[in-house]
There are 2 protein chains.
Amino acid sequence: MEKQTVTIYDVAREAAVSMATVSRVVNGNPNVKPATRKKVLAVIERLDYRPNAVARGLASKRSTTVGVIIPDVTNIYFASLARGIDDIAMMYKYNIILTNSDDAGEQEVNVLNTLMAKQVDGVIFMGNHIDDKLRAEFKRAKAPVVLAGTVDPQGDTPSVNIDYAAAVEEAVTNLIQRGHKKIALALGPLSQSINAEYRLTGYKRALNKAKLPYDDKLIYEAGYSYDAGTKLQPVIADSGATAVFVGDDEMAAGIINASIESGVSVPDDLEVITSNDTIVTQITRPAITSITQPLYDIGAVAMRMLTKLMNDKELDEKTVTLPYGIVRRASTKSAE
Amino acid sequence: MEKQTVTIYDVAREAAVSMATVSRVVNGNPNVKPATRKKVLAVIERLDYRPNAVARGLASKRSTTVGVIIPDVTNIYFASLARGIDDIAMMYKYNIILTNSDDAGEQEVNVLNTLMAKQVDGVIFMGNHIDDKLRAEFKRAKAPVVLAGTVDPQGDTPSVNIDYAAAVEEAVTNLIQRGHKKIALALGPLSQSINAEYRLTGYKRALNKAKLPYDDKLIYEAGYSYDAGTKLQPVIADSGATAVFVGDDEMAAGIINASIESGVSVPDDLEVITSNDTIVTQITRPAITSITQPLYDIGAVAMRMLTKLMNDKELDEKTVTLPYGIVRRASTKSAE
DNA sequence: CTGAAAGCGCTAACAC
DNA sequence: GTGTTAGCGCTTTCAG
């Protein structure tokens with residue numbers, strides 16, 4: 001009971017025109033007499049003809065699909081970017097091939113290659129770290145690549161981000177102004193440049209400006225998860241820190257809940273500021289003060305840039321920096 | 001500076017064999033003498049040849065990509081399913097074209113059509129409701145469709161779910177056994193069969209078994225969000241209900257936080273049970289008792305079923321029901 | 001075990 | 001405006 005597929009040829013025959021003409025009306029080419037267009041459209045309707053995108057892709061060398069590499073769809077931060085990406089893609093009639101990479105370099109390279117094999121017209125890459133191998137693959141790829149919510153210190157690849165260093169600097173400066181001397185920094189792996197080169201830099205700058213000493217015992221490396229946060233909390237408590245900047249919302253939630261359960265008051269004994277302003281920051285009690293990022297827009301802007309690149313247009317700026325904010329909630333004390 | 005693409009023809013020429021032979025070695029067809037295979041492989045390596053999946057798709061009529069329709073990637077429940085889907089897909093060498101539908105019927109139909117145009121070999125559909133229009137499209141589609149975490153009361157389409165009615169019945173029965181007489185039910189739109197036909201049914205069955213009266217004033221319809229929960233809470237409080245079953249974790253979190261902030265103690269004044277056991281249930285204080293669902297597996301099993309269908313194999317069962325559980329947390333009192 | 005050749009369904013010059 | 005004609009890069013009979 002295989003369903004019969006009707007092709008452009010069938011339409012051409014029934015409408016008594018050539019394939020070329022049918023192709024023209026399907027693609028909205030203006031060089032068709034209204035009468036013929038109407039006739040063809042009628043046949044298309046009657047036969048319920050749907051163009052085969054694969055054939056079209058082979059002939060035109062454009063697949064109207066873009067690859068999206070994401071560490072894990074289940075991560076709300078990246079999923080939010082993905083939503084922005086998909087909405088804009090859809091607006092421009094592109095589809096998204098979405099693949100999870102688990103942030104693993106090898107997997108990222110693999111995935112990139114299968115995407116190229118599928119002839120995607122471009123790719124949007126999200127990840128926590130970019131190494132030389134990956135950078136080389138990006139260059140080698142015959143389709144443009146844009147980074148979303150992902151930093152590359154080398155800056156070769158077009159990207160959309162906020163100024164992570166400045167955001168952390170501002171948050172930590174806030175903390176310092178409220179009198180804190182020992183401020184902990186809880187990050188994901190320091191092997192990732194977002195942590196080692198951006199967040200840490202912002203933290204150091206804030207300390208520096210205030211002439212506070214830098215103590216690497218206050219820097220903590222943990223996983224991006226709630227459990228990582230609960231495990232880290234006692235260590236932070238032991239350090240004597242009275243405030244902590246956290247690189248991930250779930251981790252921050254873990255730190256807060258573990259603090260309270262062990263009798264450490266937030267914000268009285270420990271102020272907490274986190275990074276991504278996901279829904280988690282509103283659910284905890286106290287709710288968490290956070291850097292705010294235009295997550296959806298980061299994805300959306302990245303996709304817009306990609307459409308330009310796919311059409312061989314110039315980019316106004318290669319490295320786009322979107323504005324961030326800081327939203328105060330109950331995990332920090334009010335300013336003096 | 002267009003990158004030159006090397007084709008199967010180039011490989012054939014360089015290896016002094018026919019395209020057919022190259023095709024055979026690329027596809028692992030055993031009918032190739034080891035020596036020739038080796039020779040071809042060497043050339044492939046040297047030329048850095050990568051098969052063009054689009055051309056392959058056109059010739060073979062299999063794109064090795066499946067479409068995934070999801071209400072919103074940003075929704076952790078569906079994203080978890082998507083992760084299971086992608087992992088299994090990858091295992092079977094399929095890629096995923098992911099599209100957001102916002103649960104909107106029209107958009108779902110559109111998206112399904114563009115997926116078919118892209119010649120996907122199958123599609124996995126996730127959504128909160130299936131209407132006749134959609135059902136008709138599923139039938140009309142020339143590629144198989146499997147529902148994941150999505151019920152269709154008609155049961156025509158293969159699907160993977162838990163027994164939502166039984167789960168709610170068990171949860172509510174629990175509540176009843178602890179002495180509750182007025183148990184509220186907070187659901188998403190009753191226009192969706194998951195709510196109107198499954199959860200509500202389970203709720204009624206529990207009441208019935210316990211010979212408790214059914215009062216439709218205790219049934220609340222709200223959005224799947226934290227804010228919807230905070231807005232709903234005062235209404236529930238006014239109703240005099242001493243317990244509530246909630247259909248969405250974020251909504252439950254909203255109810256809990258709003259309760260506590262308005263002086264209603266959870267679980268003493270109001271016991272709360274929710275549905276999806278997402279990370280949210282662990283972050284609130286009190287943490288939320290929940291039905292547990294094998295989210296990842298629902299996606300994974302759905303994808304496994306789809307691979308069978310795509311290879312014209314029979315399904316052992318068309319409607320798969322995976323086991324659920326109930327995990328007790330602090331939002332409910334311990335059993336007597 | 002290998003090759004020749006005919007498409008897959010569509011686009012894109014190029015004529016007319 | 002419209003038709004003709006090559007392919008796009010690969011799979012797949014069908015011979016041999």
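**Notes on a protein pair with two DNA strands**

1. A good place to start is A:Ser23, where a polar side-chain atom sits 2.8 Å from a phosphate oxygen of DNA strand C. This is a predicted model, in which local features need pLDDT of at least 70 and side-chain atom pairs count only at pLDDT 80 or more, while totals for chains, interfaces and linings use all residues; side-chain values use heavy atoms, with hydrogens and water left out. Residues are numbered from 1 along each chain as its sequence is written, and chains are lettered from A and ligands numbered from 1 in the order in which they are written.

2. Two further chain A side chains reach the phosphates of strand C. An N or O atom in the side chain of A:Tyr49 is 2.6 Å from a phosphate oxygen of DNA strand C, and a polar side-chain atom of A:Arg56 is 3.2 Å from one. α2 and α4 of chain A, together with α2 and α4 of chain B, are the elements that give two or more residues to the surface near DNA strand C. Helices (H or I, at least four residues) and strands (E, at least two) are DSSP runs, numbered from the N terminus.

3. DNA strand C is surrounded by 27 residues, the closest being A:Ile8, A:Tyr49, B:Thr21, B:Arg24 and B:Thr36. Of the strand C atoms that come within 4 Å of the protein, 63% are sugar and phosphate. A residue counts as near a strand if one of its heavy atoms lies within 4 Å of it. By class, this surface has 12 nonpolar, 10 polar and five charged residues. Here Ala, Val, Leu, Ile, Met, Phe, Trp, Tyr, Cys and Pro count as nonpolar, Asp, Glu, Lys and Arg as charged, and the others, Gly among them, as polar.

4. Turning to DNA strand D, 27 residues surround it, with A:Thr21, A:Arg24, A:Lys33, B:Ile8 and B:Tyr49 the closest. The side chain of A:Thr21 has an N or O atom 2.6 Å from a phosphate oxygen of strand D, whereas A:Lys33 uses a backbone N or O atom, also 2.6 Å from a phosphate oxygen. From chain B, the side chain of B:Arg56 places an N or O atom 3.2 Å from a phosphate oxygen of this strand. α4(B) gives the most to the surface near strand D, with four residues.

5. Now the protein interface. The contact (heavy atoms within 4.5 Å) takes 53 residues from chain A and 53 residues from chain B. About 4,600 Å² is buried between the chains, and carbon and sulfur atoms give 53% of it. A:Arg83, A:Lys118 and A:Ile283 supply 15% of the area that chain A buries against chain B, more than any other three residues. Buried area is the accessible area (1.4 Å probe) that two parts lose on being put together, summed over both.

6. The rule finds eight salt bridges across this interface, a salt bridge being a side-chain nitrogen of Lys or Arg within 4 Å of a carboxyl oxygen of Asp or Glu. In the bridge of B:Arg140 with A:Asp48, the closest N and O atoms are 3.0 Å apart. By class, the side of chain A that touches chain B has 21 nonpolar, 18 polar and 14 charged residues.

7. Lastly, symmetry. Chain A can be laid on chain B with an RMSD of 0.1 Å by a turn of 180 degrees and a shift of 0.0 Å along the axis. The two copies are therefore related as by a two-fold rotation axis. A:Ile97 has the chain A C-alpha nearest the axis, 2.2 Å from it. Copies are superposed by least squares on the C-alpha atoms of residues with pLDDT of at least 70 in both. 100% of the interface residues of chain A are also interface residues in chain B, so the copies meet through the same surface.

Key: A polar contact is a pair of N or O atoms within 3.5 Å; within protein, one must be able to donate a hydrogen and the other to accept it, and residues adjacent in sequence count only if both atoms are side-chain atoms.
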